[in-house]
Amino acid sequence: MSERHLPRARIALNPIQWMATEDGWLDPARSPEKPELLSAVKRAGFDSVMADVPAGWTVPEYRRLVDDLGLSLAPGYLVCRSDGGDGREQAVLELAAQVAGSHAELGLTDIGLGLSMGVSPSRLARPAQGHDASPERLAALTELVDRIADTMVAEGVRPALHPHVGTWIETEGEARTVLDAVAPDRLGFLPDTGHLAWAGVAVADMVEEYARRIPLVHLKDCRLSVATRSRAADRDYRATVRAGLWVEPGRGELPLTGFLDGLGADFDGWLMVEVDAPDIPDPYQSAVASATWVRGVFGGSAN
């Protein structure tokens with residue numbers, strides 16, 4: 001067997017393939033109940049899963065389920081549902097404090113932070129193009145991210161910025177503006193290999209430049225040829241996904257190992273597999289294929 005890349009990296013799954021809809025979106029209501037879902041994650045070959053305390057559950061209840069299944073927890077994710085100037089900023093900060101507190105109680109010190117696609121419909125119409133950019137909006141969002149960072153760090157949890165196609169922080173320039181405005185000890189960087197590549201970012205270069213700020217990576221594969229054809233045909237976000245953009249890791253067109261070599265062999269953070277729309281229709285089999293591939297290429301095991 002050839003030597004694995006990033007041998008100290010920890011491997012986890014964000015089981016979003018169970019949420020995938022036929023119209024190219026994600027619907028959490030499609031997921032099985034938490035015990036069934038987490039049991040499937042474990043049987044598929046993953047020993048770690050993204051932290052996500054279900055609504056109505058206490059943190060100790062969630063922890064008992066995770067422990068009983070023999071899983072460990074990787075950093076979760078906070079969705080910011082504000083554009084920085086729509087009056088929802090305070091609600092975002094209150095949610096940030098709550099989620100950070102839960103993360104701290106679970107023993108986690110990092111969390112992903114991304115924007116909601118629901119507040120940027122014009123970017124969903126023309127994805128990965130930086131459409132309808134606004135320096136004023138970006139400045140307001142940078143200020144909000146700074147406040148979110150303060151709120152979460154006060155709870156002992158550092159957010160890591162996740163640029164995402166279809167949101168107001170989509171392009172390399174937008175990501176760099178926010179990252180460079182907030183101190184590294186208060187804001188990390190969460191690169192998503194698929195979303196960055198779709199947005200035209202030189203992924204390997206950006207990962208290497210910000211490597212010391214990266215506690216976790218969303219390991220995602222895609223077919224850039226689909227993205228190219230979809231842009232030429234003026235397809236929106238969902239139509240591009242339906243055309244076959246996303247695939248399980250190792251089944252697409254991205255040089256995933258090359259993208260991440262800049263992290264360095266001593267990287268001991270998380271590689272979190274995500275498959276937004278599985279190429280393998282059955283979500284469990286999608287997870288099995290993902291675990292098999294990632295365990296053969298990265299880290300010491302799938303935990």
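1. Secondary structure first: this predicted model has a chain with twelve helices and eleven strands.

2. On overall dimensions, the C-alpha atoms sit in a box of roughly 50 × 45 × 40 Å along the principal axes. The radius of gyration is 18 Å, which agrees with the value near 19 Å for a compact globule of 303 residues.

3. Packing next. Of the 303 residues, 54% count as buried. Among contacts with a separation of 6 or more, 81% join residues 24 or more positions apart. The accessible surface is about 12,400 Å², and carbon and sulfur atoms hold 48% of that.

4. Have a look at strand β4, residues 77-80. L78 and C80 make up its covered face, while Y77 and V79 are on the uncovered one. That fits the usual pattern: in a regular strand, side chains alternate between the two faces of the sheet.

5. β4 pairs with strand β5 (residues 110-115) in the parallel sense, over four bridges. For Y77, the bridge partner in β5 is G112. Between the two strands the chain runs through helix α3 (residues 89-105), giving a right-handed β-α-β crossover.

6. Helix α9 (residues 224-232) is worth a closer look. Its buried residues are V226, A227 and S230. These lie on the same side of α9, because they cover an arc of only 100° around the axis. Cover for them comes from elements including α7 (193-198) and α10 (237-242). The face turned away from the buried side carries exposed T228 and A232.

7. One backbone detail to check by eye: D234, just after α9, has a positive phi of about 60°.

Notes
Residues are numbered from 1 along each chain as its sequence is written. This is a predicted model: local features need pLDDT of at least 70, side-chain atom pairs count only at pLDDT 80 or more; totals for chains, interfaces and linings use all residues. Side-chain values use heavy atoms; hydrogens and water are left out. Buried means under 20% relative accessible area, exposed over 50%, partly exposed in between (1.4 Å probe, protein chains only). Two strands pair if DSSP finds at least two bridges between them. A crossover is right-handed if, with the strands pointing away from the viewer, the path from the first strand over the helix to the second runs clockwise. The arc is that of the directions from the helix axis to the C-beta atoms. Contact means heavy atoms within 4.5 Å. The radius of gyration is taken over C-alpha atoms; the globule rule is 2.2 Å times the number of residues to the power 0.38. Accessible areas come from the Shrake-Rupley method with a 1.4 Å probe; for residues, only the protein chains shown count as cover.
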